[in-house]
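Dear colleague,

I am passing on the structure we discussed, and below it I set out what was found. Please read the notes with the structure open beside them.

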Amino acid sequence: MTPTAIIVTVLAYFAVMFTVSWFSSRNNDNAGFFNGSRKSNWLVVAFAMIGASMSGVTYVSVPGMVGVSAFGYMQMCLGFIAGYLIIAYVLTPIFFKMNVVSIYEYLENRFGGASYKTGAWFFFISKMLGASVRLFLVCLSLQLLVFTPLHLPFALNVLISVGIVLLYTYQGGVKSVIWTDTLKTFAMITSVILCIVFISKNLDLSFSGLFSAIKESDMSRVFVFDDVNSPQYFWKQFLGGMFTVIAMTGLDQDMMQRTLSCKNYKDSQKNLITSTLMQTVVIFMFLCLGVLLYLFAQNNGISQTGDELFPAVATSGKLPGIVGVLFIIGLVSCAYSAGGSALTALTTSFTLDIIGTKGKSEKQVTSIRKKVHLGMAALMFLSIIVFNLLNNTSTIDAVYKLASYTYGPILGMFTFGILMKQKVHDKYVPIAAVIAPVLCFILQTNSEKWFNGYQFSYELLIFNALFTFIGLCFLIRKDQPAPENAER
């Protein structure tokens, strides 16, 4: 696939995306930007959240990781379902009852201002790093396919990518995000299904032969119960998945901003349950595609693996040209939609939680929001450049490892707030939240030596939250118990 063909494909998708964004953002105000004025249809949000939770990382890394971990990712997906149930029936009613715009307002109500700022800052770090990792992967693919053949620098690639994300979210906010996520989900699912069809046809596999080939492959193993030291051990993956989705969805302003845009908490619950069931099916499709990609690569002398496999196969010229087009559309739709939602959430949280809007007029809030939006875009640009210099690991692995460290304290604070009745010494909460990731780093670094070869996987998030929870227990106030009607 030539650079010119890729550019035309990308521009065509952008034309559709900007049209959707423009229609959805007309006459938008700050309430529309921050929470969609709480008028979003739950079914639309559920469909949009499929794409929202699956960035370019999922699109490229999940099929590629089949070669190393087979279908082990499905163990984590089972944990995702359990996590979504907790979000739907524990967290969502609390947030709607408190009528929050930013979910970190809960921490201020429960503990105080220092805890509120701590949660907001940890989210800011988490989301900025995670969004940068995700957008980096897409920029890397575009660099290989377009910018390098045209002798253009990586920095220009990133500048254009971040600029596009900025433009379509600058006015519309979460309303634009939901509708562009809907477009993204449709494009992503369509591209995956058609890629499976075209690759199966190339391999001379019928519908039944397709499932037989996947089932008989060594890469189709799902469950690992026989090696507790393995990062793929079932309970590590299941519990890691459950707590990861609680942290990265239920306690993430980006994801909950969509859910809180529904009319009421019952609609939000329907949205969450429907979305997680559909996501599980889509992830299974990605894994099936991964097996087919490896089989195709073996038959056609393609040596790339991991994150490079899907781009290499799709643009190899050994499949119909439409496969390359579908890959580019799926990749671009995933990447820029995820970047747009992250940028919107970062702007919302930084404006409401860190700067604050109390006592400010609508005009003043609008001015602050727009300046913050520009600042977040600039910081995302710099983060991607730095990540490009430091990258040395699988991208999806990097995302979840970052989450283990940065979302852990948020998970610990919310868990303490919901389960315990006591108040804490609020001014010392930031110290407990910083110590927990440090202890986790020490634990992970020495785990094989201390625990007979045990390697931590994504369950490190649980220990991070646990250390934060224990730290808050040491900060319980003896002189002022929480009132019986405290929000929990």
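Arg221 forms a salt bridge with Asp226, with 3.4 Å between the closest N and O atoms, where a salt bridge is a side-chain nitrogen of Lys or Arg within 4 Å of a carboxyl oxygen of Asp or Glu. This is a predicted model, in which local features need pLDDT of at least 70 and side-chain atom pairs count only at pLDDT 80 or more, while totals for chains, interfaces and linings use all residues. Residues are numbered from 1 along each chain as its sequence is written, and side-chain values use heavy atoms, with hydrogens and water left out.

The structure holds 2 salt bridges. Of the partners already named, Arg221 is partly exposed at a relative accessible area of 43%, whereas Asp226 is exposed at 62%; buried means under 20% relative accessible area, exposed over 50%, and partly exposed in between (1.4 Å probe, protein chains only).

Asp267 also forms a salt bridge, with Lys270, and here the closest N and O atoms are 3.3 Å apart. Both residues belong to helix H13 (residues 265-300) and lie 3 residues apart, about one turn of the helix; helices are DSSP runs of H or I, at least four residues, numbered from the N terminus. Asp267 counts as buried at 13% relative accessibility, while Lys270, at 38%, counts as partly exposed.

Finally, Gln143 sits in helix H7 (residues 113-147) and is buried, with a relative accessible area of 10%. The side chain of Gln143 reaches the backbone oxygen of Leu152 at 3.0 Å.

Best wishes

Conventions:
Helix = DSSP H or I, 4+ residues; strand = E, 2+ residues; numbered from the N terminus. Polar contact = N/O pair within 3.5 Å; in protein donor to acceptor, adjacent residues only side chain to side chain.
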